[in-house]
Amino acid sequence: MPHLAALLRVARRLTLDPESAEDLAQETMLLAWRGFHGFQTGTNARAWLFRILFNAFHAAARKPPAVASGLSGVQAKTQEALEIAEALDALPIEQRTVLLMCVVEGFTCREVAGILDLPIGTVMSRLSRARQELRQSLAPMAKEAYR
Amino acid sequence: MTDDELDQRVRASILAEEVDASRVAASVRNQIRKPRRVALLALAAAAASIALAAFLWPQIPSVCAAAARDHEREIVNGEPRRWLTDLSAIDSLAEKQGVPASAIAALGTTGYRLERGRLCFLKKQIFLHLVYTKGGSQYSVYLRSPSGEPSFSGSVRGGGNLAYFETNHVTAVFVAHAPGADARAFARASAMAFQGLPS
(Lines give C-alpha, C1' and ligand atoms only; values in the text may rest on other atoms or scores of the structure.)
Protein backbone atom coordinates (compact mmCIF):
# COMPACT_ATOMS: atom_id res chain seq x y z
CA MET A 1 0.00 0.00 0.00
CA PRO A 2 1.89 3.08 -1.22
CA HIS A 3 2.88 5.79 1.28
CA LEU A 4 1.34 3.93 4.21
CA ALA A 5 4.67 3.62 6.04
CA ALA A 6 5.30 7.36 5.70
CA LEU A 7 1.78 8.13 6.89
CA LEU A 8 2.20 5.84 9.88
CA ARG A 9 5.58 7.39 10.72
CA VAL A 10 4.13 10.90 10.76
CA ALA A 11 1.00 9.70 12.58
CA ARG A 12 3.20 8.32 15.36
CA ARG A 13 4.91 11.66 15.81
CA LEU A 14 1.59 13.46 15.79
CA THR A 15 -0.21 11.24 18.27
CA LEU A 16 2.82 10.07 20.26
CA ASP A 17 0.98 6.82 20.76
CA PRO A 18 1.45 3.70 18.59
CA GLU A 19 -2.17 2.55 18.69
CA SER A 20 -3.64 5.98 17.99
CA ALA A 21 -1.15 6.31 15.15
CA GLU A 22 -2.31 3.06 13.58
CA ASP A 23 -5.93 4.16 13.92
CA LEU A 24 -5.12 7.48 12.28
CA ALA A 25 -3.20 5.88 9.42
CA GLN A 26 -5.99 3.38 8.86
CA GLU A 27 -8.63 6.09 8.88
CA THR A 28 -6.56 8.09 6.41
CA MET A 29 -6.35 5.21 3.95
CA LEU A 30 -10.07 4.44 4.26
CA LEU A 31 -10.98 8.10 3.75
CA ALA A 32 -8.70 8.17 0.72
CA TRP A 33 -10.33 5.02 -0.63
CA ARG A 34 -13.84 6.41 -0.20
CA GLY A 35 -12.92 9.83 -1.51
CA PHE A 36 -10.71 8.71 -4.36
CA HIS A 37 -13.05 10.36 -6.88
CA GLY A 38 -11.89 13.67 -5.33
CA PHE A 39 -8.28 13.02 -6.26
CA GLN A 40 -7.16 14.79 -9.42
CA THR A 41 -5.00 12.61 -11.63
CA GLY A 42 -1.59 14.12 -12.22
CA THR A 43 -1.44 15.89 -8.85
CA ASN A 44 0.71 14.79 -5.92
CA ALA A 45 -0.93 11.68 -4.42
CA ARG A 46 1.45 11.70 -1.46
CA ALA A 47 0.59 15.29 -0.58
CA TRP A 48 -3.11 14.46 -1.00
CA LEU A 49 -2.81 11.56 1.43
CA PHE A 50 -1.00 13.70 4.01
CA ARG A 51 -3.66 16.36 3.68
CA ILE A 52 -6.28 13.71 4.50
CA LEU A 53 -4.17 12.54 7.44
CA PHE A 54 -3.94 16.02 8.96
CA ASN A 55 -7.63 16.70 8.36
CA ALA A 56 -8.52 13.42 10.07
CA PHE A 57 -6.16 14.20 12.91
CA HIS A 58 -7.67 17.62 13.52
CA ALA A 59 -11.27 16.49 12.90
CA ALA A 60 -10.99 13.78 15.53
CA ALA A 61 -9.41 16.33 17.85
CA ARG A 62 -6.86 13.76 18.75
CA LYS A 63 -4.70 15.05 21.51
CA PRO A 64 -1.34 13.59 22.37
CA PRO A 65 -1.22 12.00 25.79
CA ALA A 66 -0.11 14.27 28.62
CA VAL A 67 2.91 12.11 29.15
CA ALA A 68 4.69 10.71 26.10
CA SER A 69 4.19 6.97 25.97
CA GLY A 70 7.86 6.22 25.40
CA LEU A 71 7.41 6.05 21.66
CA SER A 72 10.89 7.38 20.99
CA GLY A 73 12.63 4.82 23.13
CA VAL A 74 10.87 1.91 21.49
CA GLN A 75 11.97 2.60 17.95
CA ALA A 76 15.27 4.46 18.37
CA LYS A 77 18.31 2.36 17.60
CA THR A 78 21.09 4.53 18.98
CA GLN A 79 21.52 6.96 21.84
CA GLU A 80 21.70 9.84 19.38
CA ALA A 81 18.53 8.72 17.62
CA LEU A 82 16.79 8.42 20.98
CA GLU A 83 17.77 11.95 22.01
CA ILE A 84 16.76 13.41 18.66
CA ALA A 85 13.42 11.63 18.77
CA GLU A 86 12.77 12.85 22.31
CA ALA A 87 13.70 16.40 21.37
CA LEU A 88 11.42 16.21 18.35
CA ASP A 89 8.52 14.87 20.40
CA ALA A 90 8.99 17.69 22.91
CA LEU A 91 8.43 20.35 20.26
CA PRO A 92 5.01 22.05 20.07
CA ILE A 93 2.86 20.10 17.64
CA GLU A 94 2.74 22.91 15.05
CA GLN A 95 6.54 23.06 14.87
CA ARG A 96 6.91 19.30 15.00
CA THR A 97 4.48 18.88 12.13
CA VAL A 98 6.31 21.33 9.88
CA LEU A 99 9.71 19.89 10.73
CA LEU A 100 8.54 16.33 10.04
CA MET A 101 6.98 17.25 6.73
CA CYS A 102 9.84 19.41 5.47
CA VAL A 103 12.86 17.66 6.91
CA VAL A 104 11.85 14.01 7.26
CA GLU A 105 9.27 13.59 4.51
CA GLY A 106 11.01 15.94 2.11
CA PHE A 107 8.15 18.24 1.16
CA THR A 108 8.93 21.82 0.20
CA CYS A 109 7.63 24.67 2.35
CA ARG A 110 5.18 25.53 -0.42
CA GLU A 111 3.86 21.96 -0.51
CA VAL A 112 3.53 21.85 3.28
CA ALA A 113 1.67 25.16 3.17
CA GLY A 114 -0.76 23.56 0.71
CA ILE A 115 -1.17 20.39 2.76
CA LEU A 116 -1.72 22.21 6.05
CA ASP A 117 -3.64 25.05 4.45
CA LEU A 118 -1.29 27.65 5.93
CA PRO A 119 0.48 30.70 4.50
CA ILE A 120 3.97 29.79 3.35
CA GLY A 121 5.42 32.43 5.68
CA THR A 122 3.87 30.65 8.66
CA VAL A 123 5.38 27.37 7.55
CA MET A 124 8.83 28.90 7.16
CA SER A 125 8.73 30.65 10.53
CA ARG A 126 7.52 27.47 12.27
CA LEU A 127 10.28 25.50 10.62
CA SER A 128 12.85 28.08 11.71
CA ARG A 129 11.63 28.02 15.31
CA ALA A 130 11.51 24.22 15.30
CA ARG A 131 15.12 24.02 14.19
CA GLN A 132 16.12 26.59 16.78
CA GLU A 133 14.47 24.73 19.65
CA LEU A 134 15.76 21.39 18.44
CA ARG A 135 19.25 22.78 18.23
CA GLN A 136 18.99 24.02 21.83
CA SER A 137 17.69 20.69 23.03
CA LEU A 138 20.47 18.84 21.31
CA ALA A 139 23.24 21.24 22.34
CA PRO A 140 24.49 19.09 25.22
CA MET A 141 24.71 16.16 22.84
CA ALA A 142 26.68 18.24 20.38
CA LYS A 143 29.08 19.28 23.09
CA GLU A 144 29.49 15.64 24.07
CA ALA A 145 30.28 14.75 20.50
CA TYR A 146 33.01 17.37 20.23
CA ARG A 147 34.58 16.48 23.60
CA MET B 1 25.37 22.90 13.91
CA THR B 2 24.05 24.20 10.57
CA ASP B 3 20.51 23.73 9.35
CA ASP B 4 21.67 21.12 6.87
CA GLU B 5 23.57 19.16 9.50
CA LEU B 6 20.63 19.30 11.87
CA ASP B 7 18.18 18.23 9.15
CA GLN B 8 20.41 15.37 8.12
CA ARG B 9 20.69 14.02 11.68
CA VAL B 10 16.95 14.36 12.32
CA ARG B 11 16.12 12.70 9.02
CA ALA B 12 18.57 9.86 9.60
CA SER B 13 17.28 9.22 13.12
CA ILE B 14 13.59 9.24 12.28
CA LEU B 15 13.90 7.30 9.02
CA ALA B 16 15.96 4.65 10.81
CA GLU B 17 13.00 3.82 13.02
CA GLU B 18 11.24 0.64 12.04
CA VAL B 19 7.77 1.21 10.72
CA ASP B 20 5.69 -1.93 10.44
CA ALA B 21 2.62 -0.95 8.47
CA SER B 22 1.54 -4.54 7.73
CA ARG B 23 -1.11 -4.62 10.45
CA VAL B 24 -2.64 -1.35 9.29
CA ALA B 25 -2.49 -2.48 5.65
CA ALA B 26 -4.25 -5.74 6.50
CA SER B 27 -6.91 -3.91 8.46
CA VAL B 28 -7.48 -1.42 5.64
CA ARG B 29 -7.77 -4.21 3.08
CA ASN B 30 -10.24 -6.00 5.30
CA GLN B 31 -12.34 -2.85 5.75
CA ILE B 32 -12.35 -2.21 2.01
CA ARG B 33 -13.41 -5.74 1.17
CA LYS B 34 -16.21 -5.85 3.71
CA PRO B 35 -18.62 -3.45 1.95
CA ARG B 36 -17.78 -5.16 -1.33
CA ARG B 37 -18.80 -8.51 0.12
CA VAL B 38 -22.05 -7.01 1.42
CA ALA B 39 -22.69 -5.39 -1.96
CA LEU B 40 -21.98 -8.65 -3.77
CA LEU B 41 -24.32 -10.56 -1.45
CA ALA B 42 -27.05 -7.97 -1.98
CA LEU B 43 -26.48 -8.15 -5.73
CA ALA B 44 -26.66 -11.94 -5.68
CA ALA B 45 -29.87 -11.84 -3.63
CA ALA B 46 -31.41 -9.33 -6.01
CA ALA B 47 -30.39 -11.42 -9.02
CA ALA B 48 -31.86 -14.54 -7.41
CA SER B 49 -35.11 -12.70 -6.69
CA ILE B 50 -35.33 -11.46 -10.27
CA ALA B 51 -34.58 -14.94 -11.61
CA LEU B 52 -37.22 -16.47 -9.35
CA ALA B 53 -39.75 -13.83 -10.31
CA ALA B 54 -38.93 -14.32 -13.99
CA PHE B 55 -39.39 -18.05 -13.55
CA LEU B 56 -42.67 -17.85 -11.67
CA TRP B 57 -44.28 -14.65 -12.88
CA PRO B 58 -44.56 -14.74 -16.67
CA GLN B 59 -46.51 -17.99 -16.89
CA ILE B 60 -49.63 -16.61 -15.27
CA PRO B 61 -49.76 -13.06 -16.61
CA SER B 62 -48.87 -14.06 -20.18
CA VAL B 63 -51.82 -16.48 -20.36
CA CYS B 64 -54.06 -13.95 -18.65
CA ALA B 65 -52.96 -11.19 -21.01
CA ALA B 66 -53.57 -13.48 -23.97
CA ALA B 67 -57.02 -14.31 -22.59
CA ALA B 68 -57.83 -10.62 -22.17
CA ARG B 69 -56.82 -9.93 -25.80
CA ASP B 70 -58.85 -12.90 -27.01
CA HIS B 71 -61.90 -11.76 -25.03
CA GLU B 72 -61.61 -8.27 -26.49
CA ARG B 73 -61.39 -9.59 -30.06
CA GLU B 74 -64.09 -12.24 -29.84
CA ILE B 75 -66.56 -10.87 -27.30
CA VAL B 76 -66.13 -7.11 -27.18
CA ASN B 77 -65.37 -6.56 -30.86
CA GLY B 78 -67.51 -9.51 -31.95
CA GLU B 79 -65.08 -10.87 -34.52
CA PRO B 80 -66.83 -13.76 -36.29
CA ARG B 81 -66.04 -17.21 -34.87
CA ARG B 82 -67.70 -20.61 -35.02
CA TRP B 83 -69.26 -21.27 -31.63
CA LEU B 84 -70.92 -24.32 -30.13
CA THR B 85 -74.11 -23.52 -28.29
CA ASP B 86 -75.25 -27.05 -27.54
CA LEU B 87 -74.32 -27.98 -23.96
CA SER B 88 -73.66 -31.66 -24.71
CA ALA B 89 -71.41 -30.70 -27.66
CA ILE B 90 -69.50 -28.34 -25.38
CA ASP B 91 -69.18 -31.07 -22.75
CA SER B 92 -67.88 -33.46 -25.38
CA LEU B 93 -65.35 -30.87 -26.59
CA ALA B 94 -64.27 -30.30 -23.01
CA GLU B 95 -63.77 -34.01 -22.34
CA LYS B 96 -61.55 -34.28 -25.42
CA GLN B 97 -59.34 -31.53 -24.02
CA GLY B 98 -59.12 -33.15 -20.59
CA VAL B 99 -61.49 -30.65 -18.95
CA PRO B 100 -64.00 -32.65 -16.88
CA ALA B 101 -67.69 -32.08 -17.67
CA SER B 102 -68.20 -31.86 -13.92
CA ALA B 103 -66.18 -28.65 -13.94
CA ILE B 104 -68.52 -27.11 -16.49
CA ALA B 105 -71.46 -28.34 -14.48
CA ALA B 106 -69.96 -26.76 -11.38
CA LEU B 107 -69.65 -23.45 -13.22
CA GLY B 108 -73.36 -23.70 -13.93
CA THR B 109 -74.10 -23.61 -10.21
CA THR B 110 -72.55 -20.20 -9.74
CA GLY B 111 -75.49 -18.24 -11.10
CA TYR B 112 -73.80 -17.48 -14.41
CA ARG B 113 -75.42 -18.93 -17.55
CA LEU B 114 -73.38 -20.73 -20.19
CA GLU B 115 -74.09 -19.25 -23.61
CA ARG B 116 -71.54 -20.74 -26.00
CA GLY B 117 -68.11 -22.31 -26.28
CA ARG B 118 -65.22 -23.06 -28.64
CA LEU B 119 -61.58 -24.04 -28.58
CA CYS B 120 -58.90 -21.36 -28.85
CA PHE B 121 -55.16 -20.93 -28.49
CA LEU B 122 -53.65 -18.88 -25.70
CA LYS B 123 -49.88 -18.77 -25.67
CA LYS B 124 -49.67 -21.84 -27.88
CA GLN B 125 -51.89 -23.84 -25.50
CA ILE B 126 -55.39 -25.04 -26.32
CA PHE B 127 -58.06 -23.66 -24.01
CA LEU B 128 -61.78 -24.24 -23.95
CA HIS B 129 -63.29 -20.76 -24.28
CA LEU B 130 -66.71 -20.56 -22.63
CA VAL B 131 -68.89 -17.48 -22.67
CA TYR B 132 -71.22 -16.91 -19.74
CA THR B 133 -73.76 -14.18 -19.13
CA LYS B 134 -75.17 -12.60 -16.02
CA GLY B 135 -77.02 -9.31 -15.58
CA GLY B 136 -76.53 -8.39 -19.23
CA SER B 137 -72.72 -8.76 -19.04
CA GLN B 138 -70.67 -11.34 -20.87
CA TYR B 139 -67.84 -13.24 -19.21
CA SER B 140 -65.17 -15.36 -20.86
CA VAL B 141 -63.88 -18.40 -19.04
CA TYR B 142 -60.84 -20.18 -20.45
CA LEU B 143 -60.34 -23.72 -19.19
CA ARG B 144 -57.71 -26.35 -19.81
CA SER B 145 -56.49 -29.42 -17.99
CA PRO B 146 -53.97 -28.39 -15.36
CA SER B 147 -50.42 -28.17 -16.65
CA GLY B 148 -48.52 -27.53 -13.46
CA GLU B 149 -48.80 -28.64 -9.89
CA PRO B 150 -51.98 -30.68 -9.35
CA SER B 151 -52.65 -29.27 -5.88
CA PHE B 152 -55.33 -26.65 -5.48
CA SER B 153 -53.73 -23.25 -5.06
CA GLY B 154 -56.65 -21.98 -3.02
CA SER B 155 -56.16 -18.45 -4.18
CA VAL B 156 -57.70 -16.40 -6.92
CA ARG B 157 -55.19 -14.17 -8.63
CA GLY B 158 -55.74 -11.06 -10.65
CA GLY B 159 -58.04 -8.13 -10.12
CA GLY B 160 -60.85 -6.18 -11.71
CA ASN B 161 -61.80 -7.81 -14.97
CA LEU B 162 -59.30 -10.62 -14.94
CA ALA B 163 -58.78 -13.55 -12.58
CA TYR B 164 -56.86 -16.80 -12.65
CA PHE B 165 -56.68 -19.96 -10.62
CA GLU B 166 -55.65 -23.55 -10.97
CA THR B 167 -57.10 -26.63 -9.31
CA ASN B 168 -56.32 -30.29 -9.77
CA HIS B 169 -59.15 -30.31 -12.37
CA VAL B 170 -58.56 -27.24 -14.49
CA THR B 171 -56.54 -24.17 -15.20
CA ALA B 172 -59.09 -21.36 -15.42
CA VAL B 173 -58.84 -17.77 -16.65
CA PHE B 174 -61.81 -15.44 -16.22
CA VAL B 175 -62.19 -12.27 -18.25
CA ALA B 176 -64.92 -9.63 -18.22
CA HIS B 177 -64.93 -6.30 -19.97
CA ALA B 178 -68.22 -4.52 -19.32
CA PRO B 179 -68.38 -1.97 -16.48
CA GLY B 180 -69.66 -3.60 -13.32
CA ALA B 181 -68.79 -7.09 -14.56
CA ASP B 182 -66.47 -8.58 -11.97
CA ALA B 183 -64.47 -11.52 -13.32
CA ARG B 184 -62.96 -12.08 -9.90
CA ALA B 185 -66.37 -12.69 -8.31
CA PHE B 186 -67.13 -15.30 -10.97
CA ALA B 187 -63.71 -16.89 -10.45
CA ARG B 188 -64.21 -16.97 -6.69
CA ALA B 189 -67.63 -18.62 -7.05
CA SER B 190 -66.20 -21.11 -9.54
CA ALA B 191 -63.26 -21.96 -7.32
CA MET B 192 -65.67 -22.73 -4.50
CA ALA B 193 -67.84 -24.85 -6.83
CA PHE B 194 -64.74 -26.75 -8.02
CA GLN B 195 -63.73 -27.55 -4.46
CA GLY B 196 -66.72 -29.87 -4.19
CA LEU B 197 -65.69 -31.89 -7.23
CA PRO B 198 -64.33 -35.41 -6.72
CA SER B 199 -60.58 -35.55 -7.25
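Angles between helix axes under 35 degrees count as roughly parallel, over 145 as roughly antiparallel, 65 to 115 as roughly perpendicular, and the rest as oblique. Keep that in mind for two of the stops below. The structure on your screen is a predicted model.

**Stop 1: two helices in chain B**

Select residues 101-108 of chain B, which form helix H5, together with residues 183-195 of chain B, which form helix H6. How do these two helices pack? Their axes are 9 Å apart and meet at an angle of about 130°. H5(B) and H6(B) are therefore oblique to each other. The crossing in which H5(B) passes H6(B) is right-handed.

Now show the side chains where the two helices touch. On H5(B), pick Ala103(B), Ala106(B) and Leu107(B); on H6(B), pick Ser190(B), Ala193(B) and Phe194(B). In this contact of H5(B) with H6(B), five residues are nonpolar, one is polar and none is charged.

**Stop 2: chain B as a whole**

Zoom out and color chain B by secondary structure. You should find six helices and six strands. Starting from the N terminus, the order of elements in chain B is α-α-α-α-α-β-β-β-β-β-β-α. Of the 199 residues in chain B, 30% are buried. Among contacts in chain B with a separation of 6 or more, 55% are between residues 24 or more positions apart.

**Stop 3: a buried histidine and an exposed arginine**

Select His71(B), which sits in helix H3 (residues 59-76) of chain B. Is His71(B) buried or exposed? His71(B) counts as buried because it has 26 C-beta neighbours inside 10 Å, and the cut-off for burial is 20 or more. Setting aside neighbours within four places in sequence, His71(B) is in contact with Val76(B), Ser140(B), Val175(B) and His177(B). Try a distance label here too: the C-alpha atoms of His71(B) and Phe174(B) are separated by 9.6 Å, although the two are 103 residues apart along the chain.

Next, move to Arg82(B), in the loop between H3 and helix H4 (87-96) of chain B. Arg82(B) has 7 C-beta neighbours inside 10 Å and so counts as exposed. Draw another label from Arg82(B) to Arg116(B): their C-alpha atoms are separated by 9.8 Å, with the two positions 34 residues apart along the chain.

**Stop 4: over to chain A**

Hide chain B for a moment and color chain A in the same way. What secondary structure does chain A have? Chain A holds nine helices and zero strands, so its elements run α-α-α-α-α-α-α-α-α from the N terminus on. Buried residues make up 38% of the 147 residues of chain A. For contacts in chain A with a separation of 6 or more, residues 24 or more positions apart account for 61%.

**Stop 5: a helix pair in chain A**

Select helix H1 (4-15) and helix H6 (93-104) of chain A. The axes of H1(A) and H6(A) come within 10 Å and cross at roughly 165°. That angle is over 145, and H1(A) and H6(A) are therefore roughly antiparallel to each other. H1(A) passes H6(A) in a right-handed crossing.

To see the contact itself, show Val10(A), Arg13(A) and Leu14(A) in H1(A), then Ile93(A), Arg96(A), Thr97(A) and Leu100(A) in H6(A). By class, these residues of the contact of H1(A) with H6(A) are four nonpolar, one polar and two charged.

**Stop 6: the nonpolar cores**

Which residues have the most contacts inside the largest nonpolar core? Select Ala11(A), Leu53(A) and Leu99(A); the core they belong to has 45 residues. H6(A) gives the most to this core, with seven residues. Center on Leu53(A): beyond its neighbours within four places in sequence, Leu53(A) is in contact with Leu7(A), Val10(A), Ala11(A), Leu24(A) and Thr28(A). Another core, of 37 residues, lies apart from this one and includes Cys64(B), Val131(B), Tyr132(B) and Tyr164(B).

**Stop 7: where the chains meet**

Bring both chains back. Here, 25 residues of chain A are in contact with 22 residues of chain B. On the chain A side, H1 (4-15), H2 (18-34), H5 (79-90), H6 (93-104) and H8 (120-137) each supply at least two residues. H2(A) makes the largest share, with six residues. The side of chain A that touches chain B has 17 nonpolar, two polar and six charged residues.

How values were computed: Residues numbered from 1 in each chain as written. Chains lettered and ligands numbered in written order. Predicted model: local features only at pLDDT ≥ 70, side-chain atom pairs only at ≥ 80, totals over all residues. Axes fitted to C-alpha atoms, helices over the stretch in contact; angles between N-to-C directions. Helix = DSSP H or I, 4+ residues; strand = E, 2+ residues; numbered from the N terminus. Left-handed = near helix turned anticlockwise from the far one by under 90°. Contact = placed C-beta atoms within 7 Å. Nonpolar A, V, L, I, M, F, W, Y, C, P; charged D, E, K, R; others polar. Buried ≥ 20, exposed ≤ 12 C-beta atoms within 10 Å, placed from the backbone. Core = buried A, V, L, I, M, F, W, Y, C linked by C-beta atoms within 7 Å.
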